[in-house]
Amino acid sequence: MTTGYVFHPEYLWHDTGTSAGLLPADPRAGVQPAVHVENPEAKRRVHELIHASGLLGELTVIEPRRATVEELQRVHTDAYIQHVKAQSDLRGGGGDAGDGFSPVGHGSYDIARLAAGGLIELVTAAAQGDITNGYALVRPPGHHATASQGMGFCLFNSIAVAARHAQTELGLARVAVVDWDAHHGNGTQAIFYDDPSVLTISLHQAGCFPPDSGWIHENGTGNGVGYALNVPLPPGSGHAAYLNTMTDVVLPALYCFSPDLILLANGFDAGVFDPLARQMLTAASYREMTRLLVGVADQLCHGRLIAAHEGGYSPFYTPYCALAFLEELAGTATHVTDPFAAVVAGYAAEPLTPRQRNVIYEASELLSRIQMTVPSA
Ligand code: 9RB
Ligand code: ZN
């Protein structure tokens, strides 16, 4: 049993330029430019901590490759792929993948292909039995990207590309995508909305991003009805809300669905110090959520759980959440413990509120529509 790990320095070279927190910088309107919030720092520090803690030595390092155009075409339209390439070919940066919130730096097309290809390589290694599970520490992120548009810092939907690769090339027919990033995994949901062979489950802060997306009634369409699940947790949700969502919605959904592969959109922006959401998870929360997910993967699909890094913007706290996640994925522990644990202990102790309980209950009522066998088209 080994854990695969994908990282590449090029992931840090994806140049998002400047922004003003969420907004595009606009000096003429008095909106001050700052380093873009989706910048390399948090991810660089995650990799450093994985190395410095000694955990890297226990992992199976897997070299990423660039996803081919054919592999991207399983998910994205030709026009969109060409658009990202054209924006990336511009000199001096300033490109955008669609919504005005998805910067494309010079050369970012190749880096986004390296991110999607990193996921493909991990999924392939898991299918071959070279690794049990794995984590790709990639940039740019992917879960907001739809077939035809970049959104919310995301260029290519790496998880979706890996899911289609697993189905078409590796014989892994049923794929479940769990998305615990603080924002709605709208792109992944949209790509598989009519497809009962891919179950998408997104836990997120209600109404955060994209605006008006990820509500509980979004359940899929056509043959895919029942195979999209959303748990829009109120702002301020923390350890209890997320752990209860895992035990009452995510785990039962996975048992009902019985996947051959579980993919995880692994955002750490539901962490308590994150600037882009208002959730309150701690490193201990990520550890426990991961333990639950690893347990299901072991029971249902030979441990095959492959995670893609998504959000997580606190440079000082994201690394400890990621380390806790990866220790648990690898079934090991390092000498490094969350140095903020004492500070955040009170947040994690916050009990479930009635509103959180209602959302989780409503989501759990939708599980009966999932079938163990894919309905024939
Ligand atoms: C919109 C605005 C956002 C807000 C949040 C993210 C987070 C992404 C992430 C990206 C873009 C503003 C739509 C401001 O971490 N995903 O995992 N943009 N928000 N103005 N408008 C119209
Ligand atoms: Zn996010």
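## A walk around the zinc site and the core

Among contacts in the chain between residues at least 6 apart in sequence, 78% join residues at least 24 apart. This is a predicted model.

Visitor: What does the secondary structure of the chain come to?

Guide: Let's just take the two element types in turn. Helices number eleven. Adding the strands to the list, the chain comes to eleven helices and twelve strands.

Visitor: Which radius of gyration does the chain have, next to that of a compact globule?

Guide: A compact globule with 377 residues would come out near 21 Å. The C-alpha atoms fill a box of roughly 50 × 50 × 45 Å along the principal axes. The chain's own radius of gyration agrees with the globule value, at 19 Å.

Visitor: How many of the residues of the chain, in percent, count as buried?

Guide: Start from the outside: the chain exposes about 13,900 Å², with carbon and sulfur atoms supplying 54% of it. Buried here means under 20% relative accessible area. Of the 377 residues, the share that counts as buried is 60%.

Visitor: Which helix gives the largest share of the largest nonpolar core?

Guide: That core has 112 residues, and Tyr-135 and Leu-263 are those with the most contacts inside it. Its largest share is twelve residues, and they come from residues 108-128, which is helix 4.

Visitor: Where along the chain do the donors of the zinc ion (ligand 2) sit, and what spacing do they follow?

Guide: The protein donors are Asp-181, listed with two OD atoms, then His-183 through ND1 and Asp-269 through OD. They lie 2.0 to 2.7 Å from the zinc ion. Along the chain, that gives the spacing D-x1-H-x85-D.

Visitor: Is Asp-181 buried or exposed, and at what relative accessible area?

Guide: The cut-off for buried is under 20%. His-183, another zinc donor, counts as buried because its relative accessibility is 7%. Asp-181 falls under the cut-off too, so it is buried, with a relative accessible area of 1%.

Visitor: Which side chain makes a polar contact with the side chain of His-14?

Guide: His-14 lies in the loop between strand 1 (3-6) and strand 2 (18-19). Loop or not, His-14 counts as buried, at 2% relative accessibility. Leaving aside neighbours within four places in sequence, its contacts include Glu-38, Arg-139 and Leu-155. The polar contact, at 2.8 Å, is with the side chain of Ser-108.

Notes:
Residues are numbered from 1 along each chain as its sequence is written. Chains are lettered from A and ligands numbered from 1 in the order in which they are written. This is a predicted model: local features need pLDDT of at least 70, side-chain atom pairs count only at pLDDT 80 or more; totals for chains, interfaces and linings use all residues. Side-chain values use heavy atoms; hydrogens and water are left out. Donors are N, O and S atoms within 2.8 Å of the metal (3.2 Å for Na, K and Ca); water is not among the atoms, so sites may look incomplete. Buried means under 20% relative accessible area, exposed over 50%, partly exposed in between (1.4 Å probe, protein chains only). Helices (H or I, at least four residues) and strands (E, at least two) are DSSP runs, numbered from the N terminus. A polar contact is a pair of N or O atoms within 3.5 Å; within protein, one must be able to donate a hydrogen and the other to accept it, and residues adjacent in sequence count only if both atoms are side-chain atoms. Contact means heavy atoms within 4.5 Å. The radius of gyration is taken over C-alpha atoms; the globule rule is 2.2 Å times the number of residues to the power 0.38. Accessible areas come from the Shrake-Rupley method with a 1.4 Å probe; for residues, only the protein chains shown count as cover. A nonpolar core is a set of buried Ala, Val, Leu, Ile, Met, Phe, Trp, Tyr and Cys residues joined through side-chain atoms within 4.5 Å.
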